[in-house]
Each structure stands twice: as structure tokens, then as C-alpha cells.
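Reader: Hi! I have a new model open and would love to talk it through with you. Shall we start with the surface and then work inwards?

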Amino acid sequence: MTKEPISKHIREGFSKRLTQALDARDFPRSRRNYELRVRYNSSQQAVNKWAHGTLPRIEVLCQICDDLNINLSWLVTGKGSMNDASTIDTVKFEKVVTVTENLIEELGIEVSALARSKLYNRHYNILAVDGDLNTQRIKEDLDLLGVESISKSS
């Protein structure tokens, strides 16, 4: 599976929004990188990458949002507001990501980072309300997004 690079707009925005959220929550500036490394069990290299727009692993993103009580969608895409967050169930969110990524790979399709984010958000909310993660629904949403099939040999 080839992964589409995250757009420059999202990368730059992520870095700015992360800084904004940390400042808003009085996260210490003087030892910020050290605190981030320790709190999220990450390397200095990883934390430096976050400052330049590389998104952390999904479980770290969820943990940051939970700790700072901020909206995951806002942090990643800039949509919505920082403060309209509800607690994210990391186990459920990881399940949505895993099922969606496995389905995308199985179908051999290209899906943009933004479309993936929309799928994760939608199906996390469905799972939270219905308690059911339906792969047929995800397939239907992929069709609605108009993603293109690619050959498995590419």
C-alpha cells in the first residue's frame, strides 16, 4: 500500500495548532520538548518532527487530545474548534483506524489523508453511538468519497 503524503497545509497547520493548544493549557515552554518526550514516551527526534508538522502516531495524537482536552479533528485538520472535544476512547479509535486501513489495503485503493481523517472520524462516531463497526458501511463511504481503485502490483 502506498501512503499519500500529508499535505503541506495540514503539516504546517498541525504544528501551529499543537503549539496553540500547549500554550492554551499552560504546558511549560521552558522544558516543553522534554515534557512531551516523557509524557508521550517519544524520542527527541519524534518531538522535533512534530514541531515541523509530522503527525505523531495515532495513539499519541489521541493521548495528546485527551490530556489537553482538545478536539482531535481540530488538531489534525483545523476544522471545528479546539475546545469542543469529548473524551476519545483510544481503543475504539485504534480499532476504526485498523479496520479502515486493512480494508483500504485489501481493496487496493488510493485514499487521501483528508479522506482517511473523515472516515476515521465518521466511523469512530458511529462506533461510539451504535457500538458496531461495519466494514460494508466503510466501503460505501469509500465509494461516496470517489476513491479510485489501483492495481495491487503498483
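Reader: How much area does the protein chain expose, and what share of it do carbon and sulfur atoms supply?
Author: This is a predicted model. Its protein chain exposes about 8,900 Å², with 48% of that supplied by carbon and sulfur atoms.

Reader: And how much of the chain is buried?
Author: Buried residues account for 36% of the 154 residues.

Reader: Thanks! Which helices and strands should I look for, and in what order?
Author: There are eight helices and two strands. Starting at the N terminus, the order reads α-α-α-α-α-α-β-α-α-β.

Reader: Let's zoom in on histidine 123. Where does it lie?
Author: Histidine 123 belongs to helix 7, which covers residues 113–130.

Reader: Is histidine 123 buried or exposed?
Author: Histidine 123 counts as buried because its relative accessibility is 1%, and the cut-off for buried is under 20%.

Reader: Which residues is histidine 123 in contact with, leaving aside neighbours within four places in sequence?
Author: Those contacts are Val96, Leu133, Arg137, Ile138 and Asp141. With aspartate 141 there is also a polar contact, side chain to side chain, at 2.6 Å.

Reader: Does aspartate 141 have a salt bridge too, and if so, which residue is the partner?
Author: The partner is arginine 122, and the closest N and O atoms are 2.5 Å apart. Aspartate 141 sits in helix 8 (residues 135–145) and arginine 122 in helix 7, so this pair ties together parts 19 residues apart in sequence.

Reader: How buried or exposed are those two partners?
Author: Aspartate 141 is buried, at 9% relative accessible area, while arginine 122 is partly exposed at 42%.

Reader: How many salt bridges are there in total?
Author: The count is five. One of them joins arginine 32 to aspartate 23, with 2.8 Å between the closest N and O atoms. Shared partners join Asp23, Arg29 and Arg32 into one network.

Reader: New topic: how many aromatic pairs does the structure hold?
Author: Two. In one of them, phenylalanine 93 and tyrosine 120 meet edge-to-face, 6.2 Å centre to centre with 75 degrees between the planes.

Reader: What parts of the chain does that pair link?
Author: The pair links distant parts: phenylalanine 93 in helix 6 (residues 90–107) and tyrosine 120 in helix 7, 27 residues apart. Phenylalanine 93 is buried at 5% relative accessible area, and tyrosine 120 is buried at 13%.

Reader: Nice! Which residues make up the ring cluster?
Author: Ring pairs link Phe93, Tyr120 and Tyr124.

How values were computed. Residues are numbered from 1 along each chain as its sequence is written. This is a predicted model: local features need pLDDT of at least 70, side-chain atom pairs count only at pLDDT 80 or more; totals for chains, interfaces and linings use all residues. Side-chain values use heavy atoms; hydrogens and water are left out. Helices (H or I, at least four residues) and strands (E, at least two) are DSSP runs, numbered from the N terminus. Buried means under 20% relative accessible area, exposed over 50%, partly exposed in between (1.4 Å probe, protein chains only). A polar contact is a pair of N or O atoms within 3.5 Å; within protein, one must be able to donate a hydrogen and the other to accept it, and residues adjacent in sequence count only if both atoms are side-chain atoms. Contact means heavy atoms within 4.5 Å. Rings of Phe, Tyr and Trp (its six-membered ring) pair if their centres lie within 6.5 Å; planes under 30 degrees apart count as stacked, over 60 as edge-to-face and the rest as tilted. Accessible areas come from the Shrake-Rupley method with a 1.4 Å probe; for residues, only the protein chains shown count as cover. A salt bridge is a side-chain nitrogen of Lys or Arg within 4 Å of a carboxyl oxygen of Asp or Glu.
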